[in-house]
Amino acid sequence: VAQHRLWKEIDHLVKQEVSMARLGVGECGTGWQLFAEDGEMKMYRREEEIDGMVVDPLKAVHVVKGITGHELCHYFFSPQYRYDWETTLETMQVVETIADDTLIFQQTHKRIWPASQRDCLFWSHLRRLPNDQDTEGPDMWTVVNHSTEHTDYPANTGKCVRIFLTVCLLCQTQVDPPKDGAPISRDNITCKITYCSVVNPGGWAPASVLRAVYKREYPKFLKRFTSYVINQTKNKSIMF
Ligand SMILES: CCCCCc1ccc(-c2ccc(S(=O)(=O)CCO)cc2)cc1[C@H]1C[C@H]1c1ccccn1
């Protein structure tokens, strides 16, 4: 059922990204190396280069108490919160509202010396993934971001080099109801998070610089983002 011009591409890519995200790092072949760990958060990468450019796929898994997958995906998707948690942003704008669950973003990121400044243009899609019969508990939620084109924002015309990215945030909520039949509180919910990203820097940047940047920025990003959502939701009713 084509609902808009990007529907077919989005639906195909979301299904592909979600099925890959659900594979553990053990299953999807060898090659994943753990490069950062902090409590429940584990970050893996595969060292890959295209035309001599570092495009290391990244897969992070994390478990966070007190928030739901719907809440995480809501704060990740919605533009109004992005400057609060995305520290490498210089500018961000919604170029087009395709649907209430599908936006096109244009972002410029702070320059990382000695590389030139980067920008990205991507569609972002928020989706609830109904559980199949035998998986009990709340539904899964995902946000997929994938580079796209737009006539008003041609690549590499200004000062920025256009990067190409595919990102998937996949969240599964677990509810452990209290024994005494009391209502569910935030102490009874846990969210299992898988964050996958592939960023092609778009133009040459020193491999050592890129790998150092990823090693520094990705753990910082996931910790900061999850802490932000915990803080934003702690006094609000639970959004399942
Ligand atoms: C020479 C550096 C070239 C690459 C710079 C760059 C650009 C965009 C991005 C990026 C763009 C989008 C996303 S997201 O998950 O869709 C959320 C929305 O913002 C995530 C990361 C990353 C990086 C790399 C810094 C690295 C880095 C890693 C995590 C956070 C910030 N920066």
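The legends below describe close-up views of a predicted model.

**View 1. The ligand and the polar side chains around it.** In this predicted model, 21 residues surround the ligand, and the closest of them are Glu86, Thr88, Gln107, Asn145 and Tyr195. Three side chains in this view place a polar atom beside an oxygen atom of the ligand: for Glu86 the distance is 2.5 Å, for Tyr195 it is 2.7 Å, and for Asn145 it is 2.9 Å. Taken alone, the ligand exposes 670 Å², of which the protein buries 99%. The ligand sits in the largest cavity.

**View 2. The elements that form the shell around the ligand.** Two or more residues of the shell come from each of helix H3 (82-85), strand E7 (102-109), strand E11 (164-175) and helix H4 (207-233). Which element gives the most to this shell? That element is H4, which supplies six residues.

**View 3. Glu86 and its surroundings.** Glu86, whose side chain has an N or O atom 2.5 Å from an oxygen atom of the ligand, is placed in the loop between H3 and strand E6 (89-99). With a relative accessible area of 16%, Glu86 falls under the 20% limit and is therefore counted as buried. When residues up to four places away in sequence are not counted, Glu86 touches His109 and Phe221. Glu86 and Val143 are 57 residues apart along the chain, and their C-alpha atoms are separated by 16 Å.

**View 4. Ser147 in strand E9.** Ser147 has its place in strand E9, which covers residues 140-147. Is this residue buried or exposed? Ser147 is buried, because its relative accessible area of 13% is under 20%. The side chain of Ser147 reaches the backbone nitrogen of Leu165 at a distance of 2.8 Å. Leu165 is also one of the residues in contact with Ser147 once neighbours within four places in sequence are left aside, the others being Leu121, Phe122, Ile163 and Phe164.

**View 5. Asn131 in the loop between E8 and E9.** Asn131 is located in the loop that lies between E8 and E9, and with a relative accessible area of 17% Asn131 is buried. Which backbone atoms does the side chain of Asn131 reach? The backbone oxygen of Pro138 lies 2.7 Å from a polar atom of this side chain, and the backbone oxygen of Gly137 is reached at 2.8 Å. Not counting residues up to four places away in sequence, Asn131 touches Glu136, Gly137, Pro138, Asp139 and Met140.

**View 6. The cis peptide bond at Pro114.** Most peptide bonds are trans. The bond from Trp113 to Pro114 is cis, with omega near 0°. Pro114 belongs to the loop between E7 and strand E8 (118-129), and its relative accessible area of 38% makes Pro114 partly exposed, because this value lies between the limits of 20% and 50%. Leaving out residues up to four places away in sequence, Pro114 touches Pro206 and Val209. Although Pro114 and Pro206 are 92 residues apart along the chain, their C-alpha atoms are separated by 8.5 Å.

**View 7. Positive phi values at Asp51 and Asn156.** Most residues other than glycine have a negative phi. Asp51, which is not a glycine, has a positive phi near 50°, and Asn156, likewise not a glycine, has a positive phi of about 60°. Asp51 is placed in the loop between strand E3 (49-50) and strand E4 (53-54), while Asn156 is found in the loop between E9 and strand E10 (161-162). How exposed are these two loop residues? Asp51 is exposed, with a relative accessible area of 74%, whereas Asn156, at 47% relative accessibility, counts as partly exposed.

**View 8. The enclosed helix H2.** Helix H2 spans residues 69-77, and eight of its nine residues are buried, so this helix is largely enclosed by the rest of the structure. The buried residues of H2 are Gly69, His70, Glu71, Leu72, Cys73, Tyr75, Phe76 and Phe77.

How values were computed:
Residues numbered from 1 in each chain as written. Predicted model: local features only at pLDDT ≥ 70, side-chain atom pairs only at ≥ 80, totals over all residues. Heavy atoms only, no water. Helix = DSSP H or I, 4+ residues; strand = E, 2+ residues; numbered from the N terminus. Buried < 20%, exposed > 50% of the residue type's maximum accessible area, 1.4 Å probe, protein only. Polar contact = N/O pair within 3.5 Å; in protein donor to acceptor, adjacent residues only side chain to side chain. Contact = heavy atoms within 4.5 Å. Near = heavy atom within 4 Å. Areas by Shrake-Rupley, 256 points an atom, 1.4 Å probe, with all protein chains shown as cover. 1 Å grid on protein atoms, 1.4 Å probe; cavity = no way out; pocket = protein on both sides within 12 Å on 5 of 7 lines; lining within 4 Å. Sits in = over half its atoms within 2 Å of the grid points.
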